[in-house]
Amino acid sequence: MSADLRAELEKFLQGLNIQTTCVEHPPVFTVEEMMPHLQEVSGVVTKNLFLKDKKKKSLWLLSARHDRQVNLNDLAKKLGVSSGNLRFADEATMLEKLKVGQGCATALALLFDTERSVTCVLDSDLLDGGHQMVHFHPMSNAATLGLRPDDLLRFLKETGHEPVLHHFD
């Protein structure tokens, strides 16, 4: 299934004339597991969190530099969610909305959020940090795909997901 979704993603990126690089690697479930496979890539690697509010009314996909601390209480305030009410969404919801499961969260999966029910929250450093490339899983945690920051922004806008920018320390 993920191979079909990845092919659909790659076709969409090609349709936008977005150039990518890709590193195939064994399936990984954490940034720590992934990093040894990405020693040769230029740019910044991301970590991606699929989040919901306590009442399950809103969903967010957060993409941040892999080395950033993410404080969910601070982020909740920024997003207008009452403190302590932001948490990880369950895998069933992620599969329903983004078509990916645990370990595969990626901003690139927003292509499949056709209802636009997920808000994209992006570490502002991914766009304005001077990175040559930003790296995400391409619908599978057995590969890492890189694209230029301006192409990431264009991709998100084309899928109807204008990102909320947030600065993480």
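The following questions and answers introduce the fold, the cores and some single residues of this predicted model.

Reader: What kind of model is this, and how are its residues numbered?
Author: This is a predicted model, in which local features need pLDDT of at least 70 and side-chain atom pairs count only at pLDDT 80 or more, while totals for chains, interfaces and linings use all residues. Side-chain values use heavy atoms, with hydrogens and water left out, and residues are numbered along each chain as its sequence is written, from 1.

Reader: How many helices and strands does the chain have?
Author: Helices (H or I, at least four residues) and strands (E, at least two) are DSSP runs, numbered from the N terminus. Read from the N terminus on, the elements follow the order α-β-α-β-β-α-β-α-β-α-β-β-α-β. The secondary structure thus comes to six helices and eight strands.

Reader: What is the radius of gyration of the chain?
Author: The radius is taken over C-alpha atoms, and the globule rule is 2.2 Å times the number of residues to the power 0.38. For 169 residues that rule gives 15 Å, and the chain is close to this, so it is as compact as a globular protein of that length, with a radius of gyration of 15 Å.

Reader: What share of the 169 residues is buried?
Author: A residue is called buried under 20% relative accessible area, exposed over 50% and partly exposed in between, with a 1.4 Å probe and protein chains only. By that cut-off, the buried share of the 169 residues in the chain is 51%.

Reader: Which residues touch the most other members of the largest nonpolar core?
Author: A nonpolar core is a set of buried Ala, Val, Leu, Ile, Met, Phe, Trp, Tyr and Cys residues joined through side-chain atoms within 4.5 Å. The largest one has 33 residues, and the elements that give two or more residues to it include α1 (2-15), β2 (44-53), α4 (91-98) and α6 (149-158). A second, separate core of 13 residues includes W60, L72, L75 and V121. In the largest core, the residues that touch the most other members are F50, L61, L98, L147 and F155.

Reader: Which residues does L147 touch?
Author: Contact means heavy atoms within 4.5 Å. Leaving out residues up to four places away in sequence, L147 touches I18, Q19, T20, L108, M133, V134, F136 and L152.

Reader: Is K97 buried or exposed?
Author: K97 lies in helix α4, where, not counting residues up to four places away in sequence, it touches F50, L59, F112, D113, E115, S117 and V118. With a relative accessibility of 15%, K97 counts as buried.

Reader: Where does M139 lie, the residue whose phi is near 75°?
Author: Most residues other than glycine have a negative phi. M139, however, has a positive value, near 75°, and at 2% relative accessibility it counts as buried. Its place is in the loop between β6 and β7.

Reader: Is N17 buried or exposed?
Author: N17 also has a positive phi, near 60°, in a residue other than glycine. Its place is in the loop between α1 and β1 (20-24). At a relative accessible area of 59%, N17 is exposed.

Reader: How far apart in space are Q14 and H166?
Author: Q14 is in helix α1 and is exposed, with a relative accessible area of 58%. In sequence, Q14 and H166 are 152 residues apart, and in space, C-alpha to C-alpha, they are 28 Å apart.
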